[in-house]
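Ready to work through a structure by hand? Below is a short set of exercises, each with a solution you can follow step by step.

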4 protein chains.
Amino acid sequence: MTGKRERTKTANREAILAAAREVFTKLGYGATTVRDIIRATDLASGTFYNYFKSKEEVFQAIQDENALRVRPRLRAERIRARSVEEFISGSFRTFFDYIATDRQTFAVIRRNADTMRVRMDTPEIIAGFDELRADIVKAIAEGIFPLVDADYLMAALVGVAFEVGEHMLSRDPVDTAAAANFATALFMGGFRALPTLARPAASAA
Amino acid sequence: MTGKRERTKTANREAILAAAREVFTKLGYGATTVRDIIRATDLASGTFYNYFKSKEEVFQAIQDENALRVRPRLRAERIRARSVEEFISGSFRTFFDYIATDRQTFAVIRRNADTMRVRMDTPEIIAGFDELRADIVKAIAEGIFPLVDADYLMAALVGVAFEVGEHMLSRDPVDTAAAANFATALFMGGFRALPTLARPAASAA
Amino acid sequence: MTGKRERTKTANREAILAAAREVFTKLGYGATTVRDIIRATDLASGTFYNYFKSKEEVFQAIQDENALRVRPRLRAERIRARSVEEFISGSFRTFFDYIATDRQTFAVIRRNADTMRVRMDTPEIIAGFDELRADIVKAIAEGIFPLVDADYLMAALVGVAFEVGEHMLSRDPVDTAAAANFATALFMGGFRALPTLARPAASAA
Amino acid sequence: MTGKRERTKTANREAILAAAREVFTKLGYGATTVRDIIRATDLASGTFYNYFKSKEEVFQAIQDENALRVRPRLRAERIRARSVEEFISGSFRTFFDYIATDRQTFAVIRRNADTMRVRMDTPEIIAGFDELRADIVKAIAEGIFPLVDADYLMAALVGVAFEVGEHMLSRDPVDTAAAANFATALFMGGFRALPTLARPAASAA
DNA sequence: GATGAATGAGAATTCATTCAT
DNA sequence: TATGAATGAATTCTCATTCAT
């Protein structure tokens, strides 16, 4: 790792990954070609193949990196949870903080090309879902959660996380706490528990 | 003039759309080529261009058809709603019934290629989201909904609809009522309001 | 076959085959690329693939054509044979006449690139060998040939045909009768039966 | 200075040659790449170029080695010959013994890839042919051979040697004496002199 | 000398699109 | 309008060779 060669190798790999992240975000996975990735790099075309076999492989590498960065944090949050509220709010806070910090990462998964939106879940991400379901099952067994449909609950959590997360990122400023409060409140008490907005004019009446 | 030729033209268009739906489902949007679509048809390659300019256009046409089939129903359901519960449960029931009836349609949007899942939202679908948001805003103005973040609420509804919908379809038998109940309960009262499952052991007691 | 399209298709196929024959002869099979073949044509690169899947397939097509041209003639010659001499001399004459007439054909099989010589036997050619062996076996059964090792005899005939054939073509003028006489004499009576040359000086003595 | 370094150099060269022999046999000359050869070695790619300029050069080296191993023996055999029979039978015996002993060597020249057969004659091999022709000319001058076409006779000997040799190797057990007897008999007395096989039925009579 | 990553020319192949029939 | 072959730009990928270490 200290030789010049090793440093160059690591740097090249990172350069390709960075270029790929950028191009995937800009063009979307489907429209991206290996050439596009190489072109966004100052490397020769053949060099790409010293590191990855195909665009699929780079994509996987990026997603795996991402999942590996956020999954342990989510896991830790859920394990630490002593109540349903902690379980849910901890998860949403962590997830929203993560995507706010590393927006490009999320952009690769959730992309807006023109007006069309695409969301891609790789095996690593899906494995994260399974982890979540398993933790819900465990929480049910421990009596923290009532005996509900763990699969649907997991689906609902994921759906809300991705959709609300996307809208959160489109706002300025990005308020992760507010988004987490919203999502948590929904799961804790339904629509009636949602934070209410100050009614600009009516509040005075 | 609305005779044979007209009928042939419509038939050809339909043949292409049907082939495209099938191929998109099987290969996914990205991997599908115009050739693939034509091949799934008994038409010649040049004929494709008498009907559509590109694969993008066929895809849009399919999605527009889909959205036009479900959006008016969802709209009608929400307009008819006299309470929050009717608003929410009506929407989920309609959506889940629709995707259960026309699974291929949903499969084109939500695809599992190998292990990787993709979800594509076209302009028509996104327009449906905006419609939903507008109706939420209207419901808030009418006092049906409390003054909550309409954008986030819309996002949450959409996220739950797609994610729970997907899991619903993977079950056998597909129980749209149960899924709608689950989703509605979540929005009505949070996790505590979710339907509980019969606890295997407890049921014997 | 009378439409312009059919005529063009046939012409294009022939153009590719002709170009391939030429290039294979010049560069040899191994060194030839599909690009080389296309370049020797006035067609576009993609057009090649409307006719053949690969260079292998063109090569096979050429060889099959060749084999189909000469094999029936050889076959007929052997069937007509009423004696060993007719069998052998007929075969050699036919083969040598054929390669003298259609030199390029033979050149594709037997090629001299620089100093290195290559000979390639395709399945069709090998099938021709098997045919020859079968006819030898038949001739043995009919008492025309003594009970010898048909496989080795076939090999010997083939080896002499190709090697002597090659040397024959390098002479000027090409004398197929002389080559056939030589080869036939060898098989009829061994080296003592070979035609002797006029000894320039000694003949006068 | 003929110590470690010297030994390593020779060992590396031999390693490359051995790998090349193996790979050429397996993949054929055309399909073999320098990478393939290096991969079959525990050397680095760059090292190859310290020993050979290209795959052509390795191939030549292998063939030259082969030719140098068998040519002197064939030469000695012919020089020792006191009669035509000795000349011919000695040559065939030596050649067949050689290819039976060192099958891989022969396999590099004479290859069956799938169904297609290839035979490659390098300059060294061709030089061996010229040597044979020269010896025939000399034998004619000395009155051992009659005044026949030396070029054609050489061609016939070579053709029979390669073709019968190939078939000989495909038999089990490999009987070099029998093959040499067959080939020699052919050249000594033509088809009538060929060894006859025991006729299954006749042997009982 | 050995190493092995970088290079980039070039080969194979695909595919959207055109256009003569 | 339907047809389907021709087109050729674009893409993926390989490989011989170089050269800094």
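Helices here are DSSP runs of H or I with at least four residues, numbered from the N terminus. Keep in mind that this is a predicted model.

**Exercise 1. Find out where Tyr98(A) sits, and whether Tyr98(A) is buried or exposed.**

Step 1: Place the residue. Tyr98(A) belongs to helix α5 of chain A.

Step 2: Count the neighbours. A residue is called buried if 20 or more other C-beta atoms lie within 10 Å of its own. Tyr98(A) has 20 C-beta neighbours inside 10 Å, so Tyr98(A) counts as buried.

Step 3: Look for partners further along the chain. Once you set aside neighbours within four places in sequence, Tyr98(A) is in contact with Val70(A) and Arg73(A).

Step 4: Try a distance. Phe145(A) comes 47 residues away from Tyr98(A) along the chain, and their C-alpha atoms are separated by 25 Å.

**Exercise 2. Check the span of helix α9 of chain A, then work out what covers its buried residues.**

Step 1: Get the expected span. Helix α9(A) covers residues 176–189, which is 14 residues, and at 1.5 Å a residue it should span 20 Å.

Step 2: Compare with the model. The end C-alpha atoms of α9(A) are 20 Å apart, which agrees.

Step 3: Pick out the buried residues. They are Thr176(A), Ala179(A), Ala180(A), Phe182(A), Ala183(A), Thr184(A), Ala185(A), Leu186(A) and Phe187(A).

Step 4: Recall a handy rule. An α-helix has 3.6 residues a turn, so residues three or four places apart point the same way.

Step 5: See what lies over those buried residues. The cover includes α5 (84–101) and α8 (150–169) of chain A, together with α8 (150–169) of chain B.

Step 6: Step off the end. Gly190(A) follows α9(A), and its phi is positive, near 75°.

**Exercise 3. Split chain A into domains and describe how they meet.**

Step 1: Set the bounds. Domain 1 takes in 1–52 and domain 2 takes in 61–193.

Step 2: Find the separation. Taken over C-alpha atoms, the centres of domain 1 and domain 2 of chain A are 30 Å from each other.

Step 3: Count the contacts. Eight residues of domain 1 of chain A touch nine residues of domain 2 of chain A. On the domain 1 side, those residues sort into five nonpolar, two polar and one charged.

**Exercise 4. Describe how chain A and chain B meet, and how the two copies are related.**

Step 1: Count the residues. Chain B puts 41 residues into the contact and chain A puts in 42.

Step 2: List the elements on the chain B side. Those giving two or more residues are β2 (116–121), α7 (123–141), α8 and α9 (176–189) of chain B. The largest share, 11 residues, comes from α8(B).

Step 3: Sort this side by class. You get 25 nonpolar, eight polar and eight charged residues.

Step 4: Look at the strands. Strand β2 (residues 116–121) of chain A pairs with β2(B) in the antiparallel sense, over five bridges. Within this pairing, Arg119(A) stands opposite Arg119(B).

Step 5: Superpose the copies. A turn of 179° and a shift of 0.1 Å along the axis lay chain B on chain A with an RMSD of 0.3 Å. The two copies are thus related as by a two-fold rotation axis.

Step 6: Compare the surfaces. 100% of the interface residues of chain B are also interface residues in chain A, so the copies meet through the same surface.

**Exercise 5. Follow strand β2 of chain C to its partners, then ask which chains fail to touch chain C.**

Step 1: Start within the chain. β1 (residues 110–113) and β2 (residues 116–121) of chain C pair in the antiparallel sense over four bridges. Ala113(C) stands opposite Met116(C) in β2(C).

Step 2: Inspect the turn. The two strands form a hairpin with two residues between them, and Asp114(C) in the turn has a positive phi of about 55°.

Step 3: Cross to chain D. Five bridges join β2(C) to strand β2 (residues 116–121) of chain D, running antiparallel. Here Arg119(C) has Arg119(D) as its bridge partner.

Step 4: Count the wider contact. 41 residues of chain D touch 41 residues of chain C. On the chain D side, α8(D) gives the most, with 11 residues.

Step 5: Rule out the others. Chain A and chain C have no contact, and their closest C-alpha atoms lie 21 Å apart. Chain B and chain C do not touch either, with their nearest C-alpha atoms 14 Å apart.

Terms used. Residues are numbered from 1 along each chain as its sequence is written. Chains are lettered from A and ligands numbered from 1 in the order in which they are written. This is a predicted model: local features need pLDDT of at least 70, side-chain atom pairs count only at pLDDT 80 or more; totals for chains, interfaces and linings use all residues. Two residues are in contact if their C-beta atoms, placed from the backbone, lie within 7 Å. The expected span of a helix is 1.5 Å times one less than its number of residues. A residue is buried if 20 or more other C-beta atoms lie within 10 Å of its own, exposed if 12 or fewer, and partly exposed in between; C-beta atoms are placed from the backbone. Two strands pair if DSSP finds at least two bridges between them. Ala, Val, Leu, Ile, Met, Phe, Trp, Tyr, Cys and Pro count as nonpolar, Asp, Glu, Lys and Arg as charged, and the others, Gly among them, as polar. Domain bounds come from an automatic or database domain assignment. Copies are superposed by least squares on the C-alpha atoms of residues with pLDDT of at least 70 in both.
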